[in-house]
Amino acid sequence: MTDTNTTDSSVEEIRSVGNHWRKATLIDLHSQSWHSRTLVLRVPGWTGHLPGQHVDIRLTAADGYSAQRSYSLAEPATPDRVAVTVDLLPHGEVSPYLVEGMEIGDELDVRGPIGGWFVWEPGDPSIGDGPVLLIAGGSGVVPLVTMLRARKRAGDATPTMLVYSLRGPRDLMYGPELEEMSADLSAPGSAEVRLVYTRKIPDGHPRPASHLAVEDIRPPSAWPDPLAARVYVCGSSGFVDHATRLLHEVGYPDDRLRTERFGATGVDR
Amino acid sequence: MVTISRGFFGHHDSRAVDLPPGQHLTNGFPVLTAGPTQLISTEVWSFTITPEIGDPRRWSWEEMMALPSEEINVDIHCVTRWTKLGTHWRGVALDTFFEDIATDNEYAMVHSYGGYTTNLPLEDLVGGKAWIVYEYEGEPLQVEHGGPARLLVPHLYFWKSAKWVKGITMQRFDEPGFWEGFGYHNYGNPWREERYAGD
């Protein structure tokens, strides 16, 4: 829980949630890892959102039974368009349909955008010139990549680093895009990306497999300031607590941290 | 308007017949927190009620433990759509804390260690509807679930049940707390599905 005195200009805009359900049609699919994929939906009337916000998804069966879940928005705002990247939860109720069942032309309902705390708008005055540190655990990378995409689209030059913790190579989401984004750090929209494999590394990866450590989140030498003006951490609750301990060790005060946790500590049905 | 999703059947969990609309069951206990977990020892923990007139009333951990406690067996509903059935807590009813408090104000702002806030009408905190709890399933409340002590207001969405609770300030006027200021519903009744502002 965080300091509530820090408000930003986006609060008023997002105070009223797009309050009704809208029909959404699947128009595109991209596989992201062996157990996740991106779904692109055409949603007439969707007016936009901020990077980091969520959308509620409602699936309804032919007999009227319905189930709802929240997902992070996977792209910066485009009118009439919503994208989510969904990780398969074994024995889940909604994610198997979204990751394995749904086909182009199929429909569902969406509502949103939702949330106004875990957001980054390029030009946010409370971030100033940055830098910004993004720390992802597993599929927690999704809203952070949306932030990177928005930053690139806006030509925002805030120095930014993504530290992405994942189990092994087959769990990597957005691999080619992250590689391109970090290939030439002098190119506009580029960001340093550190992949932290916890169990298995791909051939030639310089860092041995181990959990996120203090060295992984230390600032790149090019940063003008050793501490980021803002840190976003997204992942499971255990990951967020671990990363927060490391950030405290590096010297970050709580008011620079924004965190988002997902998932259940047990089996989420 | 409801859209049928071709090929979706759902789980039709037979235990889930009496859930609030839009909720599903979880067997785990998911954690949702706006910021870092707060580490507060019982030595420094205290709970303070601040009325509009007179001095604030403060209870240390030992003073709270000396108050009559009760077992609470309730279902809890999170706005992120999970419901957990039959959770067991131990704590002190807010009625007990409010016995000596004189207030004419109808609104309360709950404050937590770390700066989190949430607003409720006073009538939702008294009358056997809310507690300060410090045990969960027979064990001391774990820090990620708000230990050493949190508010428990099970008839509202769980963001109202503030973790690491530190005090309540009485207010003449209603004001939004943390999530209420970020587009979530001001009251949060799960049975009326009051998730977001305007619901």
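**Notebook: chains A and B, predicted model**

I started with confidence in chain B. Its mean pLDDT is 93, and 98% of its residues reach 70 or more. This is a predicted model, and I read it as such. For the complex, I noted an ipTM of 0.79 and a pTM of 0.84 from the predictor.

**Interface between A and B**

How many residues does each chain bring to the contact? I found 46 residues from chain A and 48 residues from chain B. Next I listed the elements of chain A that each supply at least two residues to the side touching chain B. The helices are α1 (10-14), α2 (95-101) and α6 (237-250). The strands are β3 (54-60), β4 (66-72), β6 (107-114) and β11 (257-262). I then sorted that side of chain A by class and got 17 nonpolar, 16 polar and 13 charged residues.

**One residue at the interface**

I picked A:Asp241, which lies in helix α6 of chain A. What does A:Asp241 contact beyond its neighbours within four places in sequence? The partners are B:Thr37 and B:Glu144. I also checked burial. A:Asp241 counts as partly exposed because it has 19 C-beta neighbours inside 10 Å; the buried class begins at 20. For a distance within chain A, I took A:His49. A:Asp241 and A:His49 are 192 residues apart in sequence, and their C-alpha atoms are 27 Å apart in space.

**Domains of chain A**

I looked up the division of chain A: domain 1 covers 10-114 and domain 2 covers 132-262. Their C-alpha centres lie 24 Å apart. Where do the two domains meet, and with how many residues? I counted 13 residues of domain 1 in contact with 13 residues of domain 2. On the domain 1 side, strands β1 (22-33) and β5 (81-87) each supply at least two residues. By class, this side of domain 1 holds five nonpolar, six polar and two charged residues.

**Annotated span of chain B**

I turned to the UniProt record for chain B. The unreviewed entry places "domain: Oxidoreductase molybdopterin-binding" at residues 35-179. How far apart are the end C-alpha atoms of this span? I read 12 Å for residues 35-179 of chain B. The span is 7% helix and 40% strand. Back to the interface for a last check: B:Thr37 and B:Glu144 are the residues in contact with A:Asp241, and the record's feature runs over 35-179 of chain B.

Conventions: Residues are numbered from 1 along each chain as its sequence is written. Chains are lettered from A and ligands numbered from 1 in the order in which they are written. This is a predicted model: local features need pLDDT of at least 70, side-chain atom pairs count only at pLDDT 80 or more; totals for chains, interfaces and linings use all residues. pLDDT is the predictor's confidence in each residue, from 0 to 100. Two residues are in contact if their C-beta atoms, placed from the backbone, lie within 7 Å. Helices (H or I, at least four residues) and strands (E, at least two) are DSSP runs, numbered from the N terminus. Ala, Val, Leu, Ile, Met, Phe, Trp, Tyr, Cys and Pro count as nonpolar, Asp, Glu, Lys and Arg as charged, and the others, Gly among them, as polar. UniProt positions are given in the numbering used here, feature names are shortened, and annotations may be inferred rather than shown by experiment. Domain bounds come from an automatic or database domain assignment. A residue is buried if 20 or more other C-beta atoms lie within 10 Å of its own, exposed if 12 or fewer, and partly exposed in between; C-beta atoms are placed from the backbone.
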